[in-house]
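Got the viewer open? Here is a short tour, one selection at a time.

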Amino acid sequence: MMTEGPQYEVAVIGAGPGGIAAAAKLRMAGIDDIIVIERADDVGGSWHENNYPGISVDVPSTTYQYSFARNPHWSRFFAPGAEVQKYHADVAREYGLYERIRFDSNVEREIWDDEKRFWALHLDDGSVVTARFLISAIGSFVRPREDVGIPGAKSFRGKVQRPSSWDNDFDLAGKSVGIIGTGASAVQIIPAIAPEVAALTVFQRTPVWSVPKPDFTVPKAMQAALAVPGVSAGLNGAAFVLVDVLLRFVSKTPIDTFRPLADKFDALMIAGYRRYVRLVVKDPATAEKLTPDFGVLTKRPTMSTGYLPAYNRDNVTLITDPIEKITPTGIKTRDGVLHKLDVLILATGYEVFSDPETYRPGTIVGRDGFDLAEFYRTAGLQAYQSVSVPGLPNRWTLVGPYSWSGTSWHAFVETTSDHAVRAITETRRRGAAVCEVRKEVAEEYHRTVHQRAEGVRYYLCELNGHVPTYYRNSQGDSTYIRPAGFFEARRQTRKFPLDDYRYEVVPSIESGIGATVPDAPEHSAAQA
């Protein structure tokens, strides 16, 4: 009896920076039977969805690019959002990805077929896409938070703007505008719109660290230098060395030594930043409200030359009183004041990959009914080398637990893409139909990485546990950051022992007859 095979060899979910990296790497490896499924109508991920005022990268442009597609022609040292989006589109075209992308399609469920040995992806239009292998390239910010956690959020009758769905046709000139949130997007939006609005009221729960951004137009001479082979890679390497040193210190310093050092470091940084804010912000009371009482690495630090000075404008007001509710005409704070608004900006963040609640029950189901959401809820977030989970054969995620290595996003997703492509290539070489990380290997890896994250947990969960941050999840764990030096993490993720996976060889996939490759005489999990 013949069993119908999958439509594609590999499916990639998402056409953002990760999906482009994975698809390009697959093609470089000679794997062309692929489909990329993207919920939006173009590539770029967040860079396509976000087009709010002032959007730009918050790391130097030379570090925000693929190693296989370096761009020496960035217009600014911190490129604007539209230019970053164009870069991703250009790379997708160069590697022939557009013709392999299915746009305006959202994957609602990923279901492993035990009998047929492939993944069935159920889309929002009712159709199903099947693939032997699956790479989830969904980024760290999975979806905007629909529930902002404030009573009356849907009652406001004025214009509502979100960073991820900004209406650029709406004119803010002369309007009374309120913005909830002071994260990375708000830090860019506030100085961009302050000069044109009549009044801007910023509702702050937690202050943000924000230092000047050394942005400038990249001169032609510098662009010419960056075009010389090896120059851009060398600059990136130097930056990665600094990050590597920091992460090695955090992950390898004995906790009894790390604790007092971290305490002293934070105290010195907070005192120094308080003096800096008081120099920039004229009103002492406002300056104090803008000064964090937590460490610089607790929340995502930001860079902006205009953010703090914006509070010196007569039309910008900072409110730190808690919000009681949103009304049809504005925001009422707990001190009883109703702040009337024409426009409300909800810069209230995203559901992130490191939170168990982000994974909905029944949406990712593997072998024998294994449910990823239930596993993460009961066992905590974990994955072998951040990419693979036992019970989910033939599936890898580019942005998984303990994955971010502190470097540029592209270097990070290239590394995890290399892992997935290497595993797929080895599975094909062995003539196998199924590749699944060994349970004992994954458990050993998690024990090691969890132990090495002790310093990170102390910093985020104890020393700065009073501060809300997406670096610490609802389970009180810090699964966002990988506790290893960048170069160590890159080497281990790319060069994992091939026998850390088990392979099921199926002589005749159509017949459903299969066998498991015998265990190698010995295998070892790569250490975190």
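Start with helix 11 (residues 439-452) and colour Lys439 and Arg447: these exposed residues sit on the face turned away from the helix's buried side. Exposed means over 50% relative accessible area, buried under 20% and partly exposed in between, with a 1.4 Å probe and protein chains only. Helices (H or I, at least four residues) and strands (E, at least two) are DSSP runs, numbered from the N terminus.

Before going on, the small print. This is a predicted model, in which local features need pLDDT of at least 70 and side-chain atom pairs count only at pLDDT 80 or more, while totals for chains, interfaces and linings use all residues. Residues are numbered from 1 along each chain as its sequence is written, and side-chain values use heavy atoms, with hydrogens and water left out.

Now flip helix 11 over and select Val441, Ala442, Tyr445, His446, Thr448, Val449 and Arg452, its buried residues. Looking down the axis, you'll find them within an arc of 165 degrees, so they line one face of the helix; the arc is that of the directions from the helix axis to the C-beta atoms. Show what they pack against: helix 6 (231-252), strand 21 (432-437), helix 12 (454-463) and helix 13 (486-494).

Stay on Arg452, which is buried at 12% relative accessible area. What does Arg452 form a salt bridge with? Its partner is Glu488, with the closest N and O atoms 3.0 Å apart. A salt bridge here is a side-chain nitrogen of Lys or Arg within 4 Å of a carboxyl oxygen of Asp or Glu. Glu488 lies in helix 13 and Arg452 in helix 11, so the pair ties together parts 36 residues apart in sequence. Glu488 is buried too, at 6%.

The whole structure has 34 salt bridges. For another, pick Arg395 and Glu110, whose closest N and O atoms are 2.8 Å apart. Arg395 is in strand 20 (residues 395-397) and Glu110 in strand 4 (residues 107-113), so this pair ties together parts 285 residues apart in sequence. Both Arg395 and Glu110 are buried. Then select Arg117, Arg367, Glu436, Arg502 and Glu504 together: they are linked in a network of salt bridges. Within it, Glu504 and Arg367 come to 3.0 Å between their closest N and O atoms.

Next, the rings. Select Phe141, Tyr350, Phe353, Trp404, Tyr470, Tyr471 and Tyr480, which form one aromatic cluster. Rings of Phe, Tyr and Trp (its six-membered ring) pair if their centres lie within 6.5 Å; planes under 30 degrees apart count as stacked, over 60 as edge-to-face and the rest as tilted. There are 32 aromatic pairs in the structure. Zoom in on Phe141 and Tyr470: centres 5.6 Å apart and planes at 80 degrees, so the pair is edge-to-face. Phe141 is in strand 7 (residues 141-144) and Tyr470 in the loop between helix 12 and helix 13, 329 residues apart.

Last stop: helix 1 (residues 17-28). Is it enclosed or open? Ten of its twelve residues are buried, so the helix is largely enclosed by the rest of the structure. Its cover includes strand 1, strand 2 (34-37), helix 3 (81-94), strand 6 (128-136) and helix 10 (409-429). Just after helix 1, click Gly30, whose phi is positive, near 85 degrees.

Technical notes. Contact means heavy atoms within 4.5 Å.
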